[in-house]
Amino acid sequence: MIAIIDYGVGNLFSLQSSFKAVGYQTVVTGDKEIIAKADKLILPGVGAFPDASEKLFSSGLADVVKEQVALGKPLLGVCLGMQLLFSESHEYGVSPGLGLIDGKVVFIDIPKEYKIPHIGWNALQFKKQSPLLKYVKEGDCVYFVHSYHAVDCENSLVATAEYSKDLTAIVQKGNVFGCQFHPEKSGQVGLNILKAFCEIGGEL
Amino acid sequence: MITKRIIPCLDVKDGRVVKGVNFGNLNDVSSPVTLGKYYSDCGADELVFYDITASSDGRKLFTDILREVAENVFIPLTVGGGINTIEDFDRVLKCGADKVSVNSGAIKNPDLIKQGALKYGDQCVVISADVKRVDGKFTVFAKGGRENTGMEAISWIKRCVSNGAGEVVVNSIDTDGVKKGFDIELLKEVCSAVNVPVIASGGAGCVQDFITLFKEIPTIDAGLAASIFHFGEVKISDLKNQLKENGIIVR
């Protein structure tokens, strides 16, 4: 069973529906015991980083997630949930992330003629192998909506998307995975990424 | 590079798609779920559902059906029509909408955009503006194009964006329904006035109209249309292939 961690941020309905579409049941929960029993964890999130970070830490769920990851459980962070995997974010001041992946989250600093947020479908460029890419081809498009992105994370970088410069799209460090885009809104490509995550076994 | 988006728009009344859809191979052409899935499978980049229901019963049906669409269609969903309060944002977002499009509601209460952006983020709020030339001036119309607000369109759109609208849909009343192409003059002005994504609406009659749109205005993000897709005059898969052949980047 897959637990979608509910810490009071965002709409989890689409995420849950898309797992159902690839044949996996999920439970949306903030309950530590249920999270501990789950095979895999999803960390969702939309909105601003400081608010999400505060909710994740004050609910005690940050510690639960870190414990479970230390036990080897696969974790997938989606959009803001992916940004929370890093050490810190510079959105509205500096606030702490989970520190599961080295790197920080900063404003997308690109020439003025490029629109921010980076909204729309953009192609994935592969940087290294990852089980998440099992059913994805280089150049497949996924749907992004964000104004901040992760930097200084070269060691964990799996895929990028080009928007004046390379933006961090997929990261992995051991059993910790993250997608900056919305797999649940990225059509068949997105569903394939979720399916690949669901199929990850004990090989990590 | 980010791709240019093609967006079909579906008018929904009492939970059903109206404006007669004409696809021989679909059994239930007025089901938003069937049509939504069909468009998504054809390569639509996003769907806009416009609620044209007037009654509260119809509104309830709309949100029920939206939930069903969101359970089955995995591309971004934008909802417009009848969005007048922040409670309306809550109502449609809970049912799986990703973005909320405001029009007359924002004209009545310009704070609505600010409230929506503050609560859900700029990316969630779309300003949809119905624009018509009056004495040579681009003017904003309300209530589905029936009421002249007297407001100049470009400054209205700029104001909405500075209030937090993260995307702009520009619907030209002058070109709408004429099928002679998008309103390039108006769209160029809007694109040079704001730095958020701009979606062109009104006037598409054939594939060439989309090619012209993206060639003439390289900074425009998307083209939206309704009847030409519904009646099969333009097939989204053909449209995308021809855009590609013309060097326009699409998914």
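Which strands and helix of chain B are included in what covers the buried residues of H7(B)? The answer comes in point 2, after a word on the cores. The model is a predicted one.

1. **Cores.** The largest nonpolar core has 78 residues. Leu66(B), Val100(B), Ile127(B), Val168(B) and Val170(B) have the most contacts inside it. A second core is separate and has 63 residues. Among its members are Leu15(A), Phe86(A), Val158(A) and Phe197(A). In soluble globular proteins, nonpolar side chains tend to be buried together. Val100(B) is worth a look in detail. Beyond residues up to four places away in sequence, Val100(B) touches Val79(B), Ile83(B), Phe89(B), Val92(B) and Leu93(B). Its list of contacts also holds Gly116(B), Cys124(B), Val125(B) and Val126(B).

2. **Helix H7 of chain B.** This helix spans residues 184-193. Leu186(B), Leu187(B) and Val190(B) are buried in it. Down the axis of H7(B), these buried residues fall within an arc of 95°, so they line one face of the helix. Now the opening question. The cover over the buried residues of H7(B) includes four strands of chain B: S6 (125-134), S7 (137-142), S9 (167-172) and S10 (198-201). Helix H6 (153-162) of chain B is also included.

3. **Helix H8 of chain B.** Residues 207-216 form this helix. Its buried residues are Asp209(B), Phe210(B), Leu213(B) and Phe214(B). They fall within an arc of 125° seen down the axis of H8(B), so they too line one face of the helix. Their packing partners in chain B are S10, strand S11 (222-225) and helix H10 (236-245). Strand S10 thus recurs: it is included in the cover of H7(B), and the buried residues of H8(B) pack against it.

4. **Interface.** On the chain B side, 25 residues are in contact with 24 residues of chain A. Two helices of chain B, H2 (56-72) and H3 (86-94), each supply at least two residues of the side that touches chain A. By class, that side of chain B has nine nonpolar, nine charged and seven polar residues.

5. **A cis peptide bond in chain A.** Check Ile116(A) and Pro117(A). A cis peptide bond joins them, with omega about 5°. Ile116(A) is in the loop between strand S7 (101-107) and strand S8 (118-123) of chain A. Pro117(A) is placed in the loop between S7 and S8 of chain A as well. Is Ile116(A) exposed, partly exposed or buried? It has 18 C-beta neighbours inside 10 Å, so Ile116(A) counts as partly exposed. Leaving aside neighbours within four places in sequence, Ile116(A) is in contact with Ile108(A) and Ser147(A). Pro50(A) lies 66 residues from Ile116(A) in sequence, and the two are 19 Å apart in space, C-alpha to C-alpha.

6. **Positive phi in chain A.** Tyr92(A) has phi near 50°, a positive value in a residue other than glycine. Tyr92(A) is found in the loop between strand S5 (86-89) and strand S6 (95-96) of chain A. Tyr92(A) counts as exposed because it has 10 C-beta neighbours inside 10 Å.

7. **Positive phi in chain B.** Asp14(B) is not a glycine, yet its phi is positive, near 50°. Asp14(B) is in the loop between strand S1 (5-13) and strand S2 (16-17) of chain B. With 17 C-beta neighbours inside 10 Å, Asp14(B) counts as partly exposed.

Notes: Residues numbered from 1 in each chain as written. Chains lettered and ligands numbered in written order. Predicted model: local features only at pLDDT ≥ 70, side-chain atom pairs only at ≥ 80, totals over all residues. Core = buried A, V, L, I, M, F, W, Y, C linked by C-beta atoms within 7 Å. Buried ≥ 20, exposed ≤ 12 C-beta atoms within 10 Å, placed from the backbone. Contact = placed C-beta atoms within 7 Å. Nonpolar A, V, L, I, M, F, W, Y, C, P; charged D, E, K, R; others polar. Arc of directions from axis to C-beta.
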